[in-house]
Amino acid sequence: MNFLEERIVKDGIVKEGNVLKVDSFLNHQMDIKLLNQMGAEFKKRFADKNINKILTIEASGIGIACIVAEHFDVPVVFAKKSQSINLDGEMYVAEVESFTHKCKNNVIVSQKFLSEDDHVLIIDDFLANGCALQGLIQIVQSSGATVEGIGIAIEKGFQSGGRIIRNLGFQLESLAIVDGMDASTGQIFFREQNAE
Ligand code: 5GP
């Protein structure tokens, strides 16, 4: 097991409905040392890529993306989920369906912060059905920028997102891939990977 899988086993909680709660270290309270280890691992896995920007989605992707960005020494852009008075000018918009909130949202990025010169690493906390990711990919593509890769903390391998995104030809690196969970025993089954 790698460092993230060990932490998921220690502190993750399996909920009914195929939901894994990791709010004590990843997406509510955040363990910055752990995030830092994740940043170092992504840097290693995307070492051959010339990345000049990180893109994520609010809210729970932002913390991870910021720490990852330190390792790449690049800025972070986060897609917003609602229109606000602080968003002005031309915008890229994509529609995504939320797994946790069971609703549809627009994700929005100002055209000022993504252009065809950008080489983007997309970062998010979870990958389930891939709706959030597909929205982010769509936004990068409408800007003319290049998706250099996608880094995910936890992929739920029994949902379709990972397969869809890999079949599209993207380099998708998930630090932990959960292939099954049992809410009655709390057991979590991980896919074998080569990561440390
Ligand atoms: P997707 O769009 O891939 O279906 O879902 C991705 C988003 O749903 C993630 O950004 C994450 O916020 C949320 N999500 C999906 N599954 C889980 C889960 O099991 N636990 C938690 N905490 N969030 C999840």
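Does D73 count as buried or exposed, and at what relative accessibility? The points below take up this residue and then the rest of the predicted model.

1. D73 counts as exposed, with 71% relative accessibility. The residue sits in the loop that runs between helix 3 and strand 4 (76-79). Its phi is near 55 degrees, which is a positive value in a residue other than glycine. The backbone at this position therefore merits a look together with its accessibility, since D73 is exposed at 71%.

2. N18 offers a second positive phi, near 60 degrees, again in a residue other than glycine. This residue belongs to the loop between strand 1 (13-15) and strand 2. N18 is partly exposed, because its relative accessible area of 36% falls between the 20% and 50% limits that separate buried from exposed.

3. A further backbone feature is the peptide bond from E58 to A59, which is cis, with omega near 0 degrees. A59 is placed in the loop between strand 3 (53-57) and helix 3.

4. The ligand is surrounded by 17 residues, and the closest of these are L20, A128, N129, G130 and K156. By class, the shell around the ligand divides into eight nonpolar, six polar and three charged residues.

5. Three polar approaches to oxygen atoms of the ligand may be listed. A polar side-chain atom of K156 lies 2.7 Å from a ligand oxygen atom. A polar backbone atom of A132 is 2.8 Å from an oxygen atom of the ligand. For D124, a polar side-chain atom lies 3.2 Å from a ligand oxygen atom. Taken alone, the ligand exposes 510 Å², and the protein buries 90% of that area.

6. Which elements give two or more residues to the shell around the ligand? They are strand 2 (19-21), strand 7 (119-127) and helix 4 (131-143). Strand 7 gives the most to this shell, with four residues.

7. The largest nonpolar core holds 32 residues, of which L4, L20, L26, M38, I54, F72 and I154 touch the most other members. At least two residues of this core come from each of helix 1 (3-11), helix 2 (32-45), helix 3 (60-72), strand 7, strand 8 (146-156) and strand 9 (172-182). Helix 3 gives the most to the core, with six residues. L20 thus appears in two settings: it is among the closest residues to the ligand, and it is one of the core residues that touch the most other members.8. F72 is another of the core residues that touch the most other members. Leaving aside residues up to four places away in sequence, F72 touches F42, K43, F46, I51, I54 and L121. A second, separate core has 25 residues, including V77, L127, I137 and I139.

9. Is R7 buried or exposed? R7 is buried, because its relative accessible area of 18% is under the 20% limit. This residue is placed in helix 1. When residues up to four places away in sequence are not counted, R7 touches G12, F25, D31 and L34.

How values were computed
Residues are numbered from 1 along each chain as its sequence is written. This is a predicted model: local features need pLDDT of at least 70, side-chain atom pairs count only at pLDDT 80 or more; totals for chains, interfaces and linings use all residues. Side-chain values use heavy atoms; hydrogens and water are left out. A residue is near a molecule or strand if one of its heavy atoms lies within 4 Å of it. A polar contact is a pair of N or O atoms within 3.5 Å; within protein, one must be able to donate a hydrogen and the other to accept it, and residues adjacent in sequence count only if both atoms are side-chain atoms. Accessible areas come from the Shrake-Rupley method with a 1.4 Å probe; for residues, only the protein chains shown count as cover. Ala, Val, Leu, Ile, Met, Phe, Trp, Tyr, Cys and Pro count as nonpolar, Asp, Glu, Lys and Arg as charged, and the others, Gly among them, as polar. A nonpolar core is a set of buried Ala, Val, Leu, Ile, Met, Phe, Trp, Tyr and Cys residues joined through side-chain atoms within 4.5 Å. Buried means under 20% relative accessible area, exposed over 50%, partly exposed in between (1.4 Å probe, protein chains only). Contact means heavy atoms within 4.5 Å.
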